[in-house]
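Consider how the helices and strands of this chain pack against one another. The account below goes from a helix crossing to a sheet, then to a second crossing and the salt bridges.

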Amino acid sequence: MSPDRRPNPPVLSAEQRRANLLLAKAARIERASVKEAITTNTISIFDAINDPRESIQRMKVLDLLGSIPGVGPARAQLIMERKKISLTRRIGGLGAHQLRALRKEAGIMKLDPKQGSLVVMSGPGGVGKSTITAYLKNDPRFWVSVSVTTRAPRVTEKDGVDYFFVTENKFDQLVASNEFLEWANFAGARYGTPKTPVNEWRELGKHVLLEIEIDGARQIRKTDPTAKLIFIAPPSWEELETRLANRGTDSPERREARLALARQEMAAAAEFDFTIVNEQVEGVVAQMVSLATAP
Ligand code: 5GP
């Protein structure tokens, strides 16, 4: 684009400029206090990485590493080059691979982050669990587990993103080698939660979210009494019926089967630690965050 065709920068009023300056100043103060906490070994770098404040998510990884006592700017740069992380990368842009690589770097974990909690979310089909999950996927405090399943992928689904799609044989092998935290049969297919990433992410301080059916939630209850089991309920049974009816082009039999299953699922609500009624997704997400972060 030639310089004369460049769009004009937005014209800010004096008041807007003042507000921006104040925001920038507040962000600098927040970043400085996080760096200070790292320098004094009060928090680990992963506590900073999991800090949802925008000012911290926008902080440069180079600055973060450089504040670790005994690391400093020069070694921070070397580490990033070795881990193939761009020197301009900001905390919020770090990928899973890079986070794991940093965790393994000798000498940078002066302190272990506070272990993240295990949050299990279940509820009847059609209640809106996947919308809630989509919100939490974008929250730096959370990591959403990717399950293994034997069912066929739907057209929009990607292997390794929505699920790991495997054969029955492969699933058998994973069961035999004890790779699952839990697994269950559901609607003619098997679904399981891989154990290793759940443990790794919790050690990195992330709250791990499992969106699983009731039988799996019951298994987690037994194996990890600290897990927080959350049941998502519809505002009313009629509302759930309407939502299920509006879902795609089910035959009347299939719709009836879905409703029967939903009835069974609703009956399990009492086994959960918390029930959240899905009136409005933002409200549910806020409650999930506060339950996950509560000690
Ligand atoms: P869908 O096939 O519609 O994606 O999922 C069917 C059901 O399986 C949903 O209730 C979902 O929560 C559950 N599910 C997905 N992954 C797992 C898993 O790893 N373990 C268990 N127990 N249930 C799962």
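Helix 6 and helix 9 cross in the left-handed sense, meaning that the near helix is turned anticlockwise from the far one by less than a right angle, clockwise being right-handed. This is a predicted model, in which local features need pLDDT of at least 70 and side-chain atom pairs count only at pLDDT 80 or more, while totals for chains, interfaces and linings use all residues. Residues are numbered from 1 along each chain as its sequence is written, and side-chain values use heavy atoms, with hydrogens and water left out. Helices (H or I, at least four residues) and strands (E, at least two) are DSSP runs numbered from the N terminus.

The axes of helix 6 (residues 96-104) and helix 9 (residues 195-203) come within 11 Å and cross at roughly 65°. Axes here are lines fitted to C-alpha atoms, for helices over the stretch in contact, and angles run from 0 to 180 degrees between N-to-C directions. The crossing angle makes helix 6 roughly perpendicular to helix 9 (under 35 degrees is roughly parallel, over 145 roughly antiparallel, 65 to 115 roughly perpendicular, the rest oblique). In contact (heavy atoms within 4.5 Å) are A96, L99, R100 and R103 of helix 6 with P197, E200, W201 and E203 of helix 9.

Helix 9 also has a sheet to consider. Four strands form this open sheet, in the order 4-3-6-5 with mixed pairing; two strands pair if DSSP finds at least two bridges between them. Strand 4 (163-165) and strand 5 (180-186) are the edge strands, each pairing on one side only. From one strand to the next the twist averages 25°. Strand 5 runs antiparallel to strand 6 (residues 189-194), and six bridges join them. A184 has Y191 in strand 6 as its bridge partner. Helix 9 packs on the sheet by touching strand 5 and strand 6, and its direction makes about 35° with that of strand 6.

A second helix pair is formed by helix 11 (residues 237-245) and helix 12 (residues 252-267), whose axes come within 11 Å and cross at roughly 145°. Their crossing is right-handed. W237, L240, E241, L244 and A245 in helix 11 meet R255, R258, L259, A262, R263 and M266 in helix 12.

The model has 15 salt bridges, each a side-chain nitrogen of Lys or Arg within 4 Å of a carboxyl oxygen of Asp or Glu. One of them joins R82 and E105 at 2.6 Å, N to O. R82 lies in helix 5 (residues 72-82) and E105 in the loop between helix 6 and strand 1 (118-122), so the pair links distant parts of the chain, 23 residues apart.
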